[in-house]
Amino acid sequence: MTRPRKLYVKSYGCQMNVYDSHRMADTLAPEGFVETGTPEDADLVILNTCHIRENATEKVYSELGRLREMKDAAAQEGRKVTVAVAGCVAQAEGKEIIRRAPTVDLVVGPQSYHHLPEMLARAEQGKAIETEFPIETKFDKLAPPSRATVKKRGVSSFVTVQEGCDKFCTFCVVPYTRGMETSRPVEKIAEEVARLADAGVREITLIGQNVNAYHGEGKDGRDWTLGMLLHRLAEIPGVARLRYTTSHPRDMDDSLIAAHRDLAALMPQLHLPVQSGSDRILDAMNRNHTRADFLRLINRLRAAQPKLAFTSDFIVGFPGETEEDFQDTRRLVAEVGFSAAYTFKYSPRPGTPAADMEQQVAEDDKNARLQWLQCDIDRLQADFLAKSRGTTMDVLFEKPGQRAGQIVGRSPYLNSVHVMAPHSLIGEIRPVAITDVGTNTLFGTLVHPHAAEPMLAEA
Ligand code: 5AD
Ligand code: SF4
């Protein structure tokens, strides 16, 4: 029998890369690849890369430098290591990667990784590169994970439902690296979710670059909205929690807003990137909505589901952003009262319109604005967490905690909650009384510590 080959996959960037990395491992499992936690003993190393900002891309090249040394050392011992670059840097830079880093054997874009097994065979003879957008969908070709693999990955899982983006925000590489907006058919997604739920997954996060632009084919042959898809998935036994990310404000349609009112399984937390609070900058970014449109949308969502908490993404220092524009962003943050947010300095990306705009903002100004905004957001996040003290919330327990006898789970708002409770509760949802608040985490006690039966608090 041949020795099982070891696979190490390192994922950079967004949640879709985490999902894709899992699916690459699933597809290579029938070829005899077993996952390992370190690159040192791996026969195949895959870097699943991110191109969204310059520093994300640079990280890949420095990792490739380290891998070259490792690969050379292994070769001295007579062991061959294959190095693959996947993901958005692969898509954007293609052959250029091999020119810059000859240690790379294989380059595969995000729409082609179902070809990995035969690409590996080709890489034996020379370099293998695939960065096309093949007609067939990779989802029909990928091997599903085994039940044991699903169990190992935990009680919460991502599922891609939509990919690509047609919005062309002027700062963003995604439309070029992930291609046109496409949606998977409803029943294919339902099959994948049912298989995960059957293996113990309780929380499903639907992912897509523009997930709320979802328009996959339903059983009736028509295009279904994300709201309709969520209703279908909530019927699947075992699915206790649903989430979706990342959304564009322009695609929040009535059915999705209503789903927040009607679906108990849909968690009351919504990531809705707005990027800027200035109309001038929103326009230059080609976001196609105004600050007032965004505020109206938040109000409609809050009217449908008063428990909703909002998180967002912001870019500071977009070309032409003045101090006044930046203050508009700070005012928007205060007005909405986000529960958390990611803040980024604008990073010019090759091939995007904003990279060629005049009035690029000085690095010092970008740094200062980032600090101000981060400070505002940290304060809002602390206020949001502080408000949970003394309340009771449902927690989905995910894993053992660091302290003996402790387990850790997630609140409906995705905050970690630490509780002293038996490991047998992992995978269960239980009401927890919040007693203490840390910087990023909550601490609490079980409301029914002696309840023996699973209590499907949210079902
Ligand atoms: N520079 C800085 N941030 C960016 N993002 C996307 N492109 C850029 C860029 N060129 C941010 C946006 C997006 C998040 C995923 O990354 O805020 O919502
Ligand atoms: Fe990029 Fe999102 Fe804009 Fe699409 S909608 S171009 S993924 S920022």
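The following exchange examines how several descriptions of this predicted model are justified.

Me: Why are helices α1 and α5 called roughly perpendicular to each other?

Reply: The axes of α1 (residues 15-28) and α5 (residues 116-123) cross at roughly 70°. Angles of 65 to 115 degrees count as roughly perpendicular, and α1 and α5 are therefore described in that way. Their axes come within 9 Å.

Me: What makes the contact between α1 and α5?

Reply: On the side of α1, the residues are M24, T27 and L28, and on the side of α5 they are L116, P117 and L120. By class, five of the contact residues are nonpolar and one is polar, with no charged residue.

Me: Why are α10 and α12 called oblique to each other?

Reply: Helix α10 (residues 254-262) packs against α12 at an angle of about 40°. Angles under 35 degrees would count as roughly parallel, and roughly perpendicular begins at 65. The angle of about 40° belongs to neither class, and the pair is therefore oblique. The two axes are 8 Å apart.

Me: Which residues make the contact of α10 with α12, and how do they divide by class?

Reply: Helix α10 contributes D254, I257, H260 and R261, while α12 contributes L297, R300, L301 and A304. Four of these residues are nonpolar, one is polar and three are charged.

Me: How do you know whether Q305 is buried or exposed?

Reply: The relative accessibility of Q305 is 17%. Buried means under 20%, so Q305 counts as buried. Q305 is placed in the loop between α12 (291-304) and β13. Leaving aside residues up to four places away in sequence, Q305 touches H260 and R261, and both of these belong to the α10 side of the contact with α12. The C-alpha atoms of Q305 and A258 are separated by 8.6 Å, with their positions 47 residues apart along the chain.

Me: What is the relative accessibility of G427, and why does it receive its label?

Reply: At 11%, G427 falls under the 20% limit, so it counts as buried. G427 lies in the loop between β17 and β18. Apart from residues up to four places away in sequence, G427 touches V155, R202, L396 and F397. By contrast, the C-alpha atoms of G427 and A121, 306 residues apart along the chain, are separated by 40 Å.

Me: What makes strand β16 largely enclosed by the rest of the structure?

Reply: Strand β16 (residues 406-410) has five residues, and four of them are buried, so the strand is described as largely enclosed.

Me: How do you know that β16 pairs with β15, and in which sense?

Reply: At least two bridges are needed for two strands to pair. Strand β15 (residues 392-400) and β16 share four bridges, in the antiparallel sense. One of the bridge partners is V408 in β16, which is matched with K399. The hairpin of β15 and β16 has five residues between the strands, and within this hairpin G405 takes a positive phi near 80°.

Me: How many bridges join β16 to β17?

Reply: Five bridges join β16 to β17 (residues 416-420), and these strands run antiparallel. I407 has V419 of β17 as its bridge partner. In the hairpin of β16 and β17, which also has five residues between the strands, L414 takes a positive phi near 75°. Strand β15 is in addition joined to β18 (residues 429-437) by five bridges, again antiparallel, with M393 opposite V432 in β18.

Me: What makes β12 and β14 the edge strands of their sheet?

Reply: The open sheet has three strands in the order β12-β13-β14, with parallel pairing. Strands β12 (269-271) and β14 (340-345) each pair on one side only. The twist averages 15° from one strand to the next. Strand β13 (residues 309-316) pairs with β14 in the parallel sense over six bridges, and D313 stands opposite Y342 in β14.

Me: Which residues surround ligand 2, and how do they divide by class?

Reply: The shell consists of C165, K167, F168, C169, F171, C172, V174, P175, N210, H248 and R287. Seven of the shell residues are nonpolar, two are polar and two are charged. Lys and Arg count as charged, and K167 and R287 of the shell therefore fall in the charged class.

Key. Residues numbered from 1 in each chain as written. Chains lettered and ligands numbered in written order. Predicted model: local features only at pLDDT ≥ 70, side-chain atom pairs only at ≥ 80, totals over all residues. Heavy atoms only, no water. Near = heavy atom within 4 Å. Axes fitted to C-alpha atoms, helices over the stretch in contact; angles between N-to-C directions. Helix = DSSP H or I, 4+ residues; strand = E, 2+ residues; numbered from the N terminus. Parallel < 35°, antiparallel > 145°, perpendicular 65-115°, else oblique. Contact = heavy atoms within 4.5 Å. Buried < 20%, exposed > 50% of the residue type's maximum accessible area, 1.4 Å probe, protein only.
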